Amino acid sequence: MPTLITTGAYGTGGVIALTGVGWTAWHGLAQPGVALAFGALIAAGELARSGAPPDEREPAPLGAAGALAYALLAQCAGRPAAHGVLQTVAVVVAAALLGAVPHVARGEGPALEHVVRRTLAVAVAAVCFQPLAGSGELERRLGHGAWHTLFLLAVLALTALCDALLAAALLHARTRYPYTPLLRDELRALAGVGAAVCATGAALPLAVAAAGLWALPLFCVPLLLTQLSCRRHARVRAAYRQTIASLARSTEVAGYTRPGHARRVARLSCAVGRELGLSGADLAVLEHAALMHDIGQLSLVDPVPEGATALLPAAEQRRIALLGGAVVRQTGVHSAVSVAAVVERQADPYREQPPGARIVRVVNAYDDLAGGSGGTAGGALAALEELRLATAHDYQPEVVEALARVLARGGLAPAPPG
């Protein structure tokens with residue numbers, strides 16, 4: 001099914017793109033000046049996504065707003081627009097591919113999915129708007145006032161919803177994570193830069209209809225500033241995560257835990273959290289807690305052999321967990337209280353734990369037990385079996401089974417150290 005989703009999305013996007021480009025090449029560009037202006041805006045927006053953090057939801061909001069505005073353009077300086085659906089698709093595809101060339105050349109990640117999503121989103125908007133605008137039916141029924149603006153916003157809302165559905169489906173196809181939390185993340189992101197994209201996408205065609213193409217640079221400046229602000233905020237978040245990761249490595253540098261243990265536990269904990277439906281802030285708290293779950297070991301006089309706290313008596317596990325929670329509360333970490341609650345409760349019986357602590361405890365125990373067997377597939381299977389035998393009191397059965405599903409998709413052997 002995931003492969004079918006990806007193939008269907010790419011195939012549909014490719015057919016639409018080729019049809020639009022072929023039709024436009026055969027019939028020629030209508031109003032080439034307008035097409036060139038919007039194409040330049042879209043290409044510039046794609047170029048401006050240089051250096052975008054990999055977790056940024058919309059890496060090219062200026063390009064997205066320009067593409068949607070061209071799809072919703074009914075007039076230019078009082079003259080009716082004549083580009084239609086297929087030319088809209090052709091111009092957007094050509095501009096998006098042109099803007100993606102430098103990124104592909106620098107190896108900054110695959111651009112095909114980005115172009116496919118952009119093509120399908122613009123096709124939805126253009127199909128909903130251009131036939132009505134081109135036939136004059138939209139003007140006869142709604143005029144150029146408030147109802148026309150509301151119709152633009154309705155089309156943009158539908159387009160944003162379709163794009164969120166597609167983005168979540170493609171991410172589900174790549175990662176096999178549950179679809180619902182992925183969709184929830186995509187819809188939540190619409191309240192941020194997505195809202196700015198939709199607002200600009202509605203304002204641009206209205207402004208161009210009244211003032212002509214000179215409205216393009218004027219109305220794009222606020223979105224460009226928003227893009228720069230979001231980019232800066234994303235880089236701060238990335239630096240923040242790196243700081244937490246460096247703090248977590250202090251136990252490895254001091255020789256209290258095996259190399260790469262905190263990173264492996266964080267990676268697997270996030271995967272299990274997604275498997276169980278966590279998203280957004282809950283997933284961020286889980287990641288930070290998993291990275292710092294062993295920070296309490298720094299208070300020990302004698303290190304635990306290989307840092308394997310899962311092999312210690314329950315009372316000693318709780319003492320180390322409480323010490324770790326106390327350290328986290330003093331770090332100034334964002335949501336430190338929530339992270340500390342997960343860290344200090346990770347050694348409690350699972351029925352008394354918050355969800356994040358249940359996940360961290362299971363994954364930490366798995367890494368301790370599997371690592372003690374040399375990291376082989378047999379050792380991983382033995383570790384999972386031992387976790388299953390302790391589900392009556394120590395480990396939540398649902399979390400153990402979610403871990404087993406995650407490991408089955410990625411291989412049973414733990415990630416290599418480092």
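User: How many salt bridges does a search of the whole structure find?
Analyst: This is a predicted model, where local features need pLDDT of at least 70, side-chain atom pairs count only at pLDDT 80 or more, and totals for chains, interfaces and linings use all residues. Residues are numbered from 1 along each chain as its sequence is written, and side-chain values use heavy atoms, with hydrogens and water left out. A salt bridge is a side-chain nitrogen of Lys or Arg within 4 Å of a carboxyl oxygen of Asp or Glu. The search of the whole structure finds 16.

User: Is Asp 348 buried or exposed?
Analyst: Arg 318 forms a salt bridge with Asp 348, with the closest N and O atoms 3.7 Å apart. Arg 318 lies in helix α13 and Asp 348 in the loop between α14 and α15, so the pair ties together parts that are 30 residues apart in sequence. Buried means under 20% relative accessible area, exposed over 50%, partly exposed in between (1.4 Å probe, protein chains only). At 12%, Asp 348 is buried.

User: Which residue meets Glu 137 in a salt bridge?
Analyst: Glu 137 sits in helix α6 (residues 137-142), about one helical turn from its partner. Glu 137 is partly exposed at 23%, and the partner is exposed at 59%. The N to O distance is 2.7 Å, and the partner is Arg 140.

User: Which residue, besides Arg 318, meets Asp 348 in a salt bridge?
Analyst: This partner is partly exposed, at 30% relative accessibility. The N to O distance is 2.9 Å, and the residue is Arg 345.

Methods:
Helices (H or I, at least four residues) and strands (E, at least two) are DSSP runs, numbered from the N terminus.
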